[in-house]
Amino acid sequence: MAQDSKVIAANAAFYAAFSTGDIAGMERMWADDDGISCIHPGWPAIIGRATVIGSWRDILQNPQRPQIVCAEPQAIVDGDSARVLCIEIVDGTALAASNHFRRVGDGWRLVHHQSSPIAQIVEQAEDDRTSRRVH
């Protein structure tokens, strides 16, 4: 299996753990050191394994956690590092996401996740002409 396919598979496993509320599976997805980080939408940066895993535990244990679907994943592999850029559909809203992985043994483990809203292009009429602005 090509490395980009392995990274895409690891990325899919991350989203599967989220969608099923699999806390143990989520813990296994992350590298086992304090150099990991995460930025959930609207949250400040979280650094360190205990804090990152704790944030996922809190999210996954919440019965009101959002439903997330990963769309259009694209892997970029550079040696023992890789990242997957994708769109997260969260309860119908599109977010841009990046998941950074490190090769550990013959598998890929997360070292960073970040997800944030995507700016929308809004058209509005101004003085009888149409303009576009980011909103």
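The following paragraphs lead through the aromatic residues, the largest pocket and the paired strands of this predicted model.

The aromatic side chains offer a starting point. A pair of aromatic rings is described by the distance of the centres and the angle of the planes. The structure holds 3 aromatic pairs. In one of them, the ring centres of Phe 14 and Tyr 15 are 4.8 Å apart and the planes stand at 75 degrees; because planes over 60 degrees apart count as edge-to-face, this pair is edge-to-face. Phe 14 has a relative accessible area of 2%, and Tyr 15 has one of 6%. Buried means under 20%, so Phe 14 is buried, and Tyr 15 is buried as well.

Phe 14 also pairs with Trp 56: the centres of these rings are 5.4 Å apart and their planes lie at 85 degrees, so this pair, too, is edge-to-face. This contact links distant parts of the chain, since Phe 14 belongs to helix 1 (residues 3–20) and Trp 56 to helix 3 (residues 49–61), 42 residues apart. Both partners, Phe 14 and Trp 56, are buried. Together with Tyr 15 and Phe 18, these two residues form one aromatic cluster.

Phe 18 leads from the cluster to the largest pocket, where Phe 18 is among the lining residues that lie nearest the centre, along with His 40, Pro 41, Pro 66 and Ile 68. The lining comprises 15 residues, and the pocket holds about 180 Å³ of space. Several elements contribute to this lining: helix 1, helix 3, strand 4 (81–90) and strand 6 (107–117) each supply at least two residues. The largest share, 3 residues, comes from helix 1. By character, the lining divides into 11 nonpolar residues, 3 polar ones and 1 charged one.

Strand 4, which helps to line the pocket, runs antiparallel to strand 5 (residues 93–104), and 10 bridges join the two. Within this pairing, Val 84 has Asn 99 in strand 5 as its bridge partner. The two strands form a hairpin with 2 residues between them, and Asp 91 in the turn has a positive phi of about 50 degrees.

Strand 5 pairs in turn with strand 6, again in the antiparallel sense and over 10 bridges. Here the bridge partner of Ala 96 is Ser 116 in strand 6. Strand 5 and strand 6 likewise form a hairpin with 2 residues between them; in this turn, Gly 105 has a positive phi of about 65 degrees. Strand 5 is thus paired with strand 4 and with strand 6.

Technical notes
Residues numbered from 1 in each chain as written. Predicted model: local features only at pLDDT ≥ 70, side-chain atom pairs only at ≥ 80, totals over all residues. Heavy atoms only, no water. Phe/Tyr/Trp six-rings, centres within 6.5 Å; stacked < 30°, edge-to-face > 60°. Buried < 20%, exposed > 50% of the residue type's maximum accessible area, 1.4 Å probe, protein only. Helix = DSSP H or I, 4+ residues; strand = E, 2+ residues; numbered from the N terminus. 1 Å grid on protein atoms, 1.4 Å probe; cavity = no way out; pocket = protein on both sides within 12 Å on 5 of 7 lines; lining within 4 Å. Points joined across faces, edges and corners; volume = space filled by probe spheres on them. Nonpolar A, V, L, I, M, F, W, Y, C, P; charged D, E, K, R; others polar. Pairing = 2+ DSSP bridges.
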